[in-house]
Amino acid sequence: MKNWRFSVIKIFFLLLVLSLFGRLFYWQIVNYNKLAVAATSQHLSTIRIDSPRGRILSSDGNILAGNQKAYLLYALIPDIKKNLQKGESYSEKVDELVKQIEPILFSETLADQVEPEKISQKDKETLEANLINKLKDSLSSENLIWVPLFKKLSAPGEDQIKKLKIKGLGFEEESERFYPEGSLASSLVGFVGKDSEGNDQGYFGLEGFYQDQLQGQSATLTQEVDASGQPILSVEESASRPKQGLDIETTIDRTVQYTVEKYLQESGKKFGAKNASVIVMDPKTGAILALANYPNYDPGKWNQYSDDIRKNNAIADVYEPGSTFKGVTGSIAINSGAVKPDTICPCTGPIKIDKYQVETWNNKYNPNSNMAAILEHSDNIGAAFWAQQLGKDKFIKGVKNFGFGSLTGVDLQGEETGLLKARQDWGDIDLVTGAFGQGLSVTALQLADAYAVIANGGKLMKPYVVSKVITKDKEIKTAPVQVREIIKKETAEQMQQLLLSAVEQGEAKRIIPKGMRVAGKTGTAQIPLKGQYDPNKTVASFVGFGPIEDPKFVMVVKYVEPKPIYGAETAEPTFFKIASELYNYWGIPTN
Amino acid sequence: MKIIKKQTIKNVAHAGTGFFYYSKLIIFLLILTIGLLTARIYFSNQLAISGARVSYYENKIGQLKADNSSIENQLSQKSSLAFVDSKASQLGLVKLPKVQVVKSTVPVALSQ
């Protein structure tokens with residue numbers, strides 16, 4: 001009897017020990033991963049240390065591109081299912097939920113459109129229907145746990161949805177680019193989209209060029225927490241290192257930029273131009289003070305514009321410069337000693353080269369013209385005469401020396417080199433047409449930089465936009481870079497006077513504001529299409545600098561396919577409207 | 001015999017001094033240890049519960065940073081030239097038709 005009882009107790013304890021081992025096996029081996037995660041989440045807390053993208057500032061320290069808080073609205077489907085009313089189906093719950101949040105999300109969608117006040121009622125209804133369908137589709141993915149519903153929700157929008165107290169909806173904080181000046185300097189600033197991994201990525205302009213400096217890298221901090229979730233300070237923390245996005249300060253003068261954009265948008269519309277660009281630059285340093293394109297875009301709504309509009313045409317659109325190039329040809333010719341300002345060109349009539357006949361733009365000829373007269377009449381025959389005096393080698397070398405055919409090195413994404421034929425491909429006709437800016441292509445920035453050489457006494461400066469990179473504890477300043485000296489100071493001074501007379505005695509002398517002494521040159525270049533020039537489609541431009549006594553700015557104005565087609569009727573008036581404002585703004589006295 | 005007695009008395013006297021000395025030291029060390037342990041427990045406890053305070057201040061800093069950024073954005077929006085231009089028009093401000101810039105090489109008032 002005693003043995004029997006003893007055996008039962010032994011078996012009981014054996015089973016107890018076995019069940020204990022079994023339970024331990026279940027916890028330690030079978031359920032290890034789940035429990036390890038649960039334990040970690042109980043005593044460790046991971047917080048995100050945000051490192052926002054650096055800001056882009058104008059020269060007066062105002063924000064051109066900053067950051068603002070935005071939210072990702074998501075749904076936790078199991079939580080929504082948990083909160084179904086008695087007899088309510090999941091699809092009914094989804095309908096009700098969408099009905100509640102849709103008006104708030106629709107107003108956000110509408111605000112994100114280009115010119116929302118101009119959207120027709122029909123288009124609004126379509127937008128709303130698309131939003132409802134999208135929300136319902138996302139919430140119908142019943143096999144998923146977490147579904148994103150709406151990205152870049154504004155802080156007031158988040159607040160409104162929070163007030164609805166809908167169980168199963170949550171918000172994830174994210175940072176969004178913010179452009180307080182709207183479309184101002186959009187071509188310069190660029191925009192921020194996403195890369196293939198969903199990270200912020202700058203495109204075009206400064207956002208693209210300075211991606212590495214601007215990009216911040218968020219980090220995580222892991223710390224031990226107590227039962228109430230509060231951090232325990234006596235326990236060591238581990239953190240990955242965040243990288244701070246750096247602020248950059250630009251050379252952009254907000255007032256100049258605003259003035260330029262205002263006149264460019266007005267005139268671009270007025271002349272019905274396909275596109276247009278203006279660059280204002282400091283000729284002594286190469287600092288870009290303003291750069292604008294027509295049409296422009298709002299970088300905060302970048303995805304609603306086509307690539308053509310987002311492209312920075314001032315640096316990426318190559319075109320034949322036409323007569324504006326005569327200033328470059330004249331400089332090369334004087335500098336090499338091939339001609340002098342008083343050298344007389346016979347200029348009696350058209351020139352015949354091979355099968356081609358070169359004429360003046362108005363078929364009028366001005367025999368025995370000196371350089372000033374050639375520029376005043378924008379005489380193609382005269383410019384061709386200078387190039388012929390130079391010869392191919394000197395002309396090509398001079399053009400390359402001025403920076404044509406290569407990048408200026410400006411710190412903006414998307415710059416093009418322009419088109420300059422290889423030496424062996426230059427025929428006699430190319431030398432003649434090249435003299436007045438046909439058969440070669442340039443960018444507006446290259447032309448501005450070339451005229452800056454004449455304005456500053458002969459030095460080719462590297463154009464730049466960023467004046468400072470601001471780190472946490474220091475400022476790294478950008479010094480102006482002189483690429484090379486191209487022409488002698490005397491040549492530059494002679495060309496300044498010649499270009500001054502080209503403006504004062506030129507086709508559009510009536511429109512020059514009284515007392516304003518600006519040197520420059522108009523250009524009207526027909527656009528080559530299928531091997532032929534279209535006489536009704538032109539690139540009309542004007543490039544000049546002022547005041548002549550001590551040039552403070554060099555400016556290029558360029559219209560593509562304007563009506564009227566001539567530079568003197570389109571680009572030159574715009575140039576002088578902007579120049580008048582600049583004279584007032586900088587307090588430059590007129591004579 | 002005398003010599004032995006003397007030595008014994010000496011040793012006993014020496015032993016007496018050592019006992020008091022060590023017992024005092026032990027008591028002192030004991031009190032010190034207990035004191036340090038208590039202090040350690042107290043400070044560890046303080047440190048552990050101050051996490052809540054730190055967390056509160058961290059949240060507060062985060063909130064202030066967010067407010068600061070929001071105010072900065074509002075300020076830059078309100079001082080944007082497009083906004084100032086439209087506000088100026090609303091207020092009826094007009095642009096001067098002509099601005100004359102005067103060189104100041106000669107003083108405006110030469111003498112009283």
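**Exercise 1. The open sheet**

Task: In what order do the five strands of the open sheet of chain A lie, and which are its edge strands?

Solution. The model is predicted.
- Step 1: Read off the order. The five strands run 12-11-21-20-19 in chain A, and their pairing is antiparallel.
- Step 2: Find the edges. Strand 12 (288-294) and strand 19 (519-529) of chain A each pair on one side only, which marks them as the edge strands.
- Step 3: Add the twist. From one strand to the next it averages 10 degrees.
- Step 4: Look inside the sheet. Strand 20 (residues 532-546) and strand 21 (residues 553-560) of chain A pair in the antiparallel sense over eight bridges. Opposite Val543(A) stands Val556(A) in strand 21 of chain A.

**Exercise 2. A helix across strands**

Task: Which strands of chain A does helix 20 of chain A lie across?

Solution.
- Step 1: Locate the helix. Helix 20 of chain A spans residues 571-586.
- Step 2: List the strands. This helix lies across strand 11 (275-281), strand 19, strand 20 and strand 21 of chain A.
- Step 3: Take the angle. Helix 20 runs at about 145 degrees to strand 21 of chain A.

**Exercise 3. Two crossing helices**

Task: How do helix 4 and helix 5 of chain A cross, and which residues meet?

Solution.
- Step 1: Get the geometry. The axes of helix 4 (residues 90-111) and helix 5 (residues 121-139) of chain A come within 9 Å and cross at roughly 135 degrees.
- Step 2: Classify. At that angle, helix 4 of chain A is therefore oblique to helix 5 of chain A.
- Step 3: Assign the hand. The crossing is right-handed.
- Step 4: Name the contacts. Helix 4 of chain A contributes residues including Val94(A), Leu97(A), Val98(A) and Phe106(A). Helix 5 of chain A contributes, among them, Leu127(A), Leu131(A), Ile132(A) and Lys136(A).
- Step 5: Sort by class. The contact has 11 nonpolar, one polar and three charged residues.

**Exercise 4. A covered helix**

Task: How many residues of helix 13 of chain A are buried, and what follows the helix?

Solution.
- Step 1: Count. In helix 13 (residues 326-336) of chain A, 10 of its 11 residues are buried.
- Step 2: Name some. Lys326(A), Ile332(A) and Asn335(A) are among them.
- Step 3: Step past the end. Gly337(A) follows, with a positive phi near 85 degrees.

**Exercise 5. Chain B against chain A**

Task: Which element of chain B gives the largest share of the side that touches chain A?

Solution.
- Step 1: Size the contact. 20 residues of chain B are in contact with 23 residues of chain A.
- Step 2: List the elements giving two or more residues. They are helix 1 (2-78) and helix 2 (81-90) of chain B.
- Step 3: Pick the largest share. Helix 1 of chain B provides it, with 12 residues.
- Step 4: Sort by class. This side of chain B has 10 nonpolar, nine polar and one charged residues.

Methods: Residues are numbered from 1 along each chain as its sequence is written. Chains are lettered from A and ligands numbered from 1 in the order in which they are written. This is a predicted model: local features need pLDDT of at least 70, side-chain atom pairs count only at pLDDT 80 or more; totals for chains, interfaces and linings use all residues. Axes are lines fitted to C-alpha atoms, for helices over the stretch in contact, and angles run from 0 to 180 degrees between N-to-C directions. Helices (H or I, at least four residues) and strands (E, at least two) are DSSP runs, numbered from the N terminus. Angles under 35 degrees count as roughly parallel, over 145 as roughly antiparallel, 65 to 115 as roughly perpendicular and the rest as oblique. A crossing is left-handed if the near helix is turned anticlockwise from the far one by less than a right angle, and right-handed if clockwise. Two residues are in contact if their C-beta atoms, placed from the backbone, lie within 7 Å. Ala, Val, Leu, Ile, Met, Phe, Trp, Tyr, Cys and Pro count as nonpolar, Asp, Glu, Lys and Arg as charged, and the others, Gly among them, as polar. A residue is buried if 20 or more other C-beta atoms lie within 10 Å of its own, exposed if 12 or fewer, and partly exposed in between; C-beta atoms are placed from the backbone. Two strands pair if DSSP finds at least two bridges between them.
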